[in-house]
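Grab a coffee and work through the exercises below with the viewer open. Try each task yourself before you read its solution.

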Amino acid sequence: VHDTQAALNNAWIAIDDPAHGNIRMPAGPVDFDGVNSCVSKPAPEHGADTEMLLLELGYGWEQIAELKRDGTIP
């Protein structure tokens, strides 16, 4: 984590996480023209995209509501 060579090779990036503030994480393995290929934002909260994904898969709002009532999805 504190290796000088890793820092010089941009092995770490900093991202702003709404829940944890500014955090440092490993950068992606490849740079293109000095821009790292790593993800530049935190992952969504657990279940944040569930409804959208189910809608894309053809589920209707009634089915989604039933899955929520059953505790199958958050």
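Before starting, one term: two residues are in contact when heavy atoms of theirs lie within 4.5 Å. Also keep in mind that this is a predicted model.

**Exercise 1. Find D17 and work out what surrounds it.**

Solution.
- Step 1: Start with the element. D17 sits in strand β1, which covers residues 12-17.
- Step 2: Check the accessibility. The relative accessible area of D17 is 12%. The cut-off for buried is under 20%, so D17 counts as buried.
- Step 3: Look for a polar partner. The D17 side chain comes to 3.1 Å from the backbone nitrogen of H20.
- Step 4: List contacts, skipping neighbours within four places in sequence. That leaves I23 and P42 for D17.
- Step 5: Look across to the next strand. Opposite D17 in β2 you'll find G21.

**Exercise 2. Sort the side chains of strand β1 by the face they point to.**

Solution.
- Step 1: Recall the general pattern. Side chains in a regular strand alternate between the two faces of the sheet.
- Step 2: Apply it here. I13, I15 and D17 share one face and are buried, whereas W12, A14 and D16 point to the other face and are not buried.
- Step 3: Find the partner strand. β1 and β2 (residues 21-26) run antiparallel and are joined by 6 bridges.
- Step 4: Pick a pair in register. I13 stands opposite M25 in β2.
- Step 5: Trace the turn. The hairpin between β1 and β2 passes through 3 residues.

**Exercise 3. Is W12 buried or exposed, or something in between, and what does it touch?**

Solution.
- Step 1: W12 belongs to strand β1. Its relative accessible area is 30%; because the partly exposed class runs between 20% and 50%, W12 counts as partly exposed.
- Step 2: With neighbours within four places in sequence set aside, W12 contacts V1, A6, R24, M25, P26 and A27.
- Step 3: Take V1 from that list. V1 and W12 are 11 residues apart in sequence, and their C-alpha atoms are 8.5 Å apart.
- Step 4: Now turn to A6, which lies in helix α1 (residues 4-8). A6 has 19% relative accessibility and counts as buried.
- Step 5: Run the contact list from the A6 side, with the close neighbours again left out. A6 is in contact with A11 and W12.

**Exercise 4. Which residues form the salt bridge, and where do they lie?**

Solution.
- Step 1: Remember the principle. Side chains of opposite charge can pair when their charged atoms come close.
- Step 2: Count. There is 1 salt bridge in the model.
- Step 3: Name the partners. E51 pairs with K68, with 2.3 Å between the closest N and O atoms. The two are 17 residues apart and link distant parts of the chain, E51 in helix α2 and K68 in helix α3 (residues 61-70).
- Step 4: Check the exposure of both ends. E51 is partly exposed at 27% relative accessible area, and K68 is partly exposed at 38%.
- Step 5: Look at T50 as well. T50 is in helix α2, residues 50-56, and is buried at 18%. The T50 side chain reaches the backbone oxygen of G47 at 3.2 Å.

**Exercise 5. Describe the fold and overall dimensions of the protein chain.**

Solution.
- Step 1: Count the elements. The chain has 3 helices and 4 strands, in the order α-β-β-β-β-α-α.
- Step 2: Compare with a globule. A compact globule of 74 residues would have a radius of gyration near 11 Å, but this chain comes out at 19 Å.
- Step 3: Box it. The C-alpha atoms fill roughly 55 × 25 × 15 Å along the principal axes. As one span to try in the viewer, the C-alpha atoms of A6 and I73 are 41 Å apart, with their positions 67 residues apart along the chain.
- Step 4: Check burial. Of the 74 residues, 15% count as buried.
- Step 5: Ask how far to trust it. The mean pLDDT is 86, and 92% of the residues score at least 70. Among the elements, α3 has the highest mean, 97, and strand β4 (residues 35-36) the lowest, 69. Where pLDDT is low, predicted coordinates should not be read in detail.

How values were computed. Residues numbered from 1 in each chain as written. Predicted model: local features only at pLDDT ≥ 70, side-chain atom pairs only at ≥ 80, totals over all residues. Heavy atoms only, no water. Buried < 20%, exposed > 50% of the residue type's maximum accessible area, 1.4 Å probe, protein only. Polar contact = N/O pair within 3.5 Å; in protein donor to acceptor, adjacent residues only side chain to side chain. Salt bridge = Lys/Arg side-chain N within 4 Å of Asp/Glu carboxyl O. pLDDT = per-residue confidence, 0-100. Pairing = 2+ DSSP bridges. Rg over C-alpha atoms; globule rule 2.2 N^0.38 Å.
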